[in-house]
Amino acid sequence: MAHRLLASPNRFSARFAFIFTISLSCTYLCYSIIFCRRTIMTNQAYDGRRCVTGKNAGSKKLLGKVEGCATAAVDVKETQRDAGGTSTASSHWSEGKLSKNISVTQKYGNKKLPNALIVGVKKGGTRAVLEFIRIHPDVRALGTEPHFFDRNYERGLDWYRGLMPRTLDSQITLEKTPSYFVTREAPRRISGMSHQTKLIVVVRNPVTRAISDYTQTLSKKPNLPTFEELAFKNRSLGTVDTTWNAIRIGMYIIHLENWLQYFRPSQMHFVKMGRVQDFLGLKRIISDKHFYFNRTKGFPCLKKPESSSQPRCLGKSKGRTHVQIDQEVIEQLREFYRPFNIKFYETVGQDFKWD
Ligand SMILES: Nc1ncnc2c1ncn2[C@@H]1O[C@H](COP(=O)(O)OS(=O)(=O)O)[C@@H](OP(=O)(O)O)[C@H]1O
């Protein structure tokens, strides 16, 4: 009896120990499954970005779709600003929408040379067009500006291809570098890659474009001479300085003639949103309903993407308050651009009504 009485607490402790061990094991098992799944999902979501290391890794991660590791010479800094590169922003507005697609694509797709390029113009709204069009599930775009056909051409096509995101056969690859439009060698080089390449040119009133361009440069170099000083060789005679890049870029027809030596007009699309999808042969999926007009920014922004609780606008380098330019100067520049604009409208068959 005494033995029994002594044995029963022991048995109770043994049973307690057994149950405790089992529940501990179950908890550990559940924790491992959940934790392991999370890790896999995170790795899939960032596949293709895993090579980002070093002190900028955090900010580059925010870029969302900085592709590949060979991005040393590409314009990452500009892209971060463009994409609203603060801690709350991701460059890829549609990350949530495409996330399922992306993991499949990144695993099974191939890196291909781009089928389409946004070739210009600087300060024309190229970032907005790229970010809008990449919402489309059949578009994969490089987030950075690779500057291949102007600055990095000697690196070769394999280097260029290596920068591209992986795509399935049904998807198109897109990149944007606005300086291509005014690079003399770019049309020949691009047609050398493929004369089927589709080209998108985002154009803007050349006077506003020049002021926007100047405002951007001034934000980096505060000691810059005034806009008027740079724009004219002789202000009272109204002689415009066509060697100044901010002016030269807006002489669209001059650059376009160079492109038309290598590409048919039907391969070039001068942007008005929506029609970009037709031009690229995509189903019309993106429409006005994806955007709202942000009064503070002064341009359309993406409505709440699935991946985020916040609507998304592009970053600080977009929508800067322009420097005040004398109305007379603006008139002089309008006069200067008029003949170039008219010839440009005739050539592309569209009146942009800048005059
Ligand atoms: N929806 C939307 N989102 C963001 N930005 C928009 C949009 N629509 C037009 N813009 C105007 O586009 C100008 C920037 O052009 P780019 O992206 O081509 O600039 S860059 O050449 O890549 O630096 C920039 O012009 P500025 O405001 O004059 O700087 C933007 O205001």
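**Figure 1. Contacts of glycine 125 in the predicted model.** Beyond its neighbours within four places in sequence, glycine 125 is in contact with Val202 and Arg204. The loop that holds glycine 125 runs between strand E2 (116-120) and H5. Glycine 125 has 21 other C-beta atoms within 10 Å and is therefore buried, the threshold being 20 or more. Both glycine 125 and its contact Arg204 are among the positions that UniProt, in an unreviewed entry, lists under "binding site".

**Figure 2. Arginine 127 in helix H5.** Arginine 127 is part of helix H5. Inside 10 Å, arginine 127 has 26 C-beta neighbours, so this residue counts as buried. Arg127 is also one of the residues that come nearest to the ligand, and the UniProt "binding site" feature includes Arg127.

**Figure 3. The shell around the ligand.** Sixteen residues surround the ligand, and Thr126, Arg127, Ala128, Ser212 and Lys318 come nearest. Two elements give two or more residues to this shell: helix H5 (126-133) and strand E11 (299-302). H5 gives the most, with three residues. Sorted by class, the shell has six charged, five polar and five nonpolar residues.

**Figure 4. Positions under the UniProt feature "binding site".** The unreviewed UniProt entry places this feature at Lys123, Gly124, Gly125, Thr126 and Arg127, at Arg204 and Ser212, and at Lys318, Gly319, Arg320, Thr321 and His322. Gly125 belongs to the loop between strand E2 and H5, whereas Arg127 lies in helix H5 itself.

How values were computed. Residues numbered from 1 in each chain as written. Predicted model: local features only at pLDDT ≥ 70, side-chain atom pairs only at ≥ 80, totals over all residues. Near = placed C-beta within 6 Å. Helix = DSSP H or I, 4+ residues; strand = E, 2+ residues; numbered from the N terminus. Nonpolar A, V, L, I, M, F, W, Y, C, P; charged D, E, K, R; others polar. UniProt positions renumbered as here; feature names shortened; annotations may be inferred. Buried ≥ 20, exposed ≤ 12 C-beta atoms within 10 Å, placed from the backbone. Contact = placed C-beta atoms within 7 Å.
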